[in-house]
Amino acid sequence: MKKNFLIILILVFIFAMPAAASGKTVLVFGDSLSANYGISAEAGWVALLKQQLQSEFAGYQVVNASISGETTLGGRNRIRQTLEKHQPEIVILELGANDGLRGATIKSIYDNLAAIIESCQQNNARVLLTGMQLPPNYGMTYTQKFQAIFPQLAENYQIKLIPFLLAGFGDKHDFFQSDGIHPNEVAQKIIANNVWEVLHTMITSEKVAAKP
């Protein structure tokens, strides 16, 4: 009887362990640009990144916790629960575009992203921040200040930065869906490559530092 009880207890313990225990987790925490808006999940850049990551580094998994329409405030409100659930090693933070398109104050965008970064660092998760840009019709002053948010955060918190997530096609209409905002399937590979260039160095540097 006691033996059976111990077996059940061990099984309960195993299945109750967080998913991160089986390997290291890369968490994508973003908005519709990462949530496969208008395209299949298999064609999205997150799925393409997952394929690349798992082909080169064993023991890593990718979790996509992105929500279409998400703002920096929404992300700030749900980051702690998401971190507790997935226990990520690295967080790819892709938020801010919706705030900018809605004309949110630069300070509010900065403060919300800063709070998310701080939560990640308090949970021992390294952050990869994705920079964004706005169309010129939002005015030179606002667009420049918005673009400057991301390198400022990267410098202040000593985190890695992708200067512009949509680099390589951001000004080319052929790479966007009919709304002119969301990248199409063709663009997803470019985004995945933009992220991979920096993520690869983060993982490689970690492995080098871990060597005795």
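I began with Arg78, whose relative accessibility in this predicted model comes to 16%, so I entered Arg78 as buried, the cut-off for that class being under 20%. Its side chain meets that of Glu70 in a salt bridge, with 2.4 Å from N to O. I then looked up the partner and found that Glu70 is buried too, with a relative accessible area of 9%. My note on this pair is therefore that both of its members, Arg78 at 16% and Glu70 at 9%, fall in the buried class.

I next asked how many salt bridges a search of the whole structure finds, and the count is two. Besides the pair of Arg78 and Glu70, I recorded a salt bridge between the side chains of Asp111 and Lys107, at 2.6 Å from N to O. Both residues belong to helix α5, which covers residues 106-122, and because they are four residues apart there, about one helical turn separates them. For accessibility I wrote down that Asp111 is partly exposed, with a relative accessible area of 30%, whereas Lys107, at 59%, counts as exposed. As a general reminder to myself, side chains of opposite charge can pair when their charged atoms come close.

I then turned to internal space, and a search of the whole structure gave me one cavity of 30 Å³ or more. The largest cavity holds about 50 Å³ of space. Which residues line it? I listed Ser32, Leu33, Ser34, Asn36, Tyr37, Ile39, Gly44 and Trp45, together with Gln177, His182, Pro183 and Gln188. Sorting this lining by character, I counted five nonpolar residues and seven polar ones, with no charged residue in the lining of the largest cavity.

For the fold as a whole, I noted seven helices and five strands in the protein chain. Reading from the N terminus on, I wrote the order of elements as α-β-α-β-α-β-α-α-β-α-β-α. I also looked up how far apart in sequence the contacting residues lie: of the contacts in the protein chain with a separation of 6 or more, 78% join residues 24 or more positions apart.

My last entries concern burial and surface. Of the 212 residues in the protein chain, 45% are buried, and Arg78 and Glu70 are among the buried residues. The protein chain exposes about 11500 Å², of which I noted that carbon and sulfur atoms supply 57%.

Methods:
Residues are numbered from 1 along each chain as its sequence is written. This is a predicted model: local features need pLDDT of at least 70, side-chain atom pairs count only at pLDDT 80 or more; totals for chains, interfaces and linings use all residues. Side-chain values use heavy atoms; hydrogens and water are left out. On a 1 Å grid over the protein atoms alone, a cavity is a set of points where a 1.4 Å probe fits but cannot get out, and a pocket is an open set with protein on both sides within 12 Å along at least five of seven lines; lining residues have an atom within 4 Å of a point. Grid points are joined across faces, edges and corners, and a volume is the space filled by probe spheres set on the points. Ala, Val, Leu, Ile, Met, Phe, Trp, Tyr, Cys and Pro count as nonpolar, Asp, Glu, Lys and Arg as charged, and the others, Gly among them, as polar. Helices (H or I, at least four residues) and strands (E, at least two) are DSSP runs, numbered from the N terminus. Buried means under 20% relative accessible area, exposed over 50%, partly exposed in between (1.4 Å probe, protein chains only). Contact means heavy atoms within 4.5 Å. Accessible areas come from the Shrake-Rupley method with a 1.4 Å probe; for residues, only the protein chains shown count as cover. A salt bridge is a side-chain nitrogen of Lys or Arg within 4 Å of a carboxyl oxygen of Asp or Glu.
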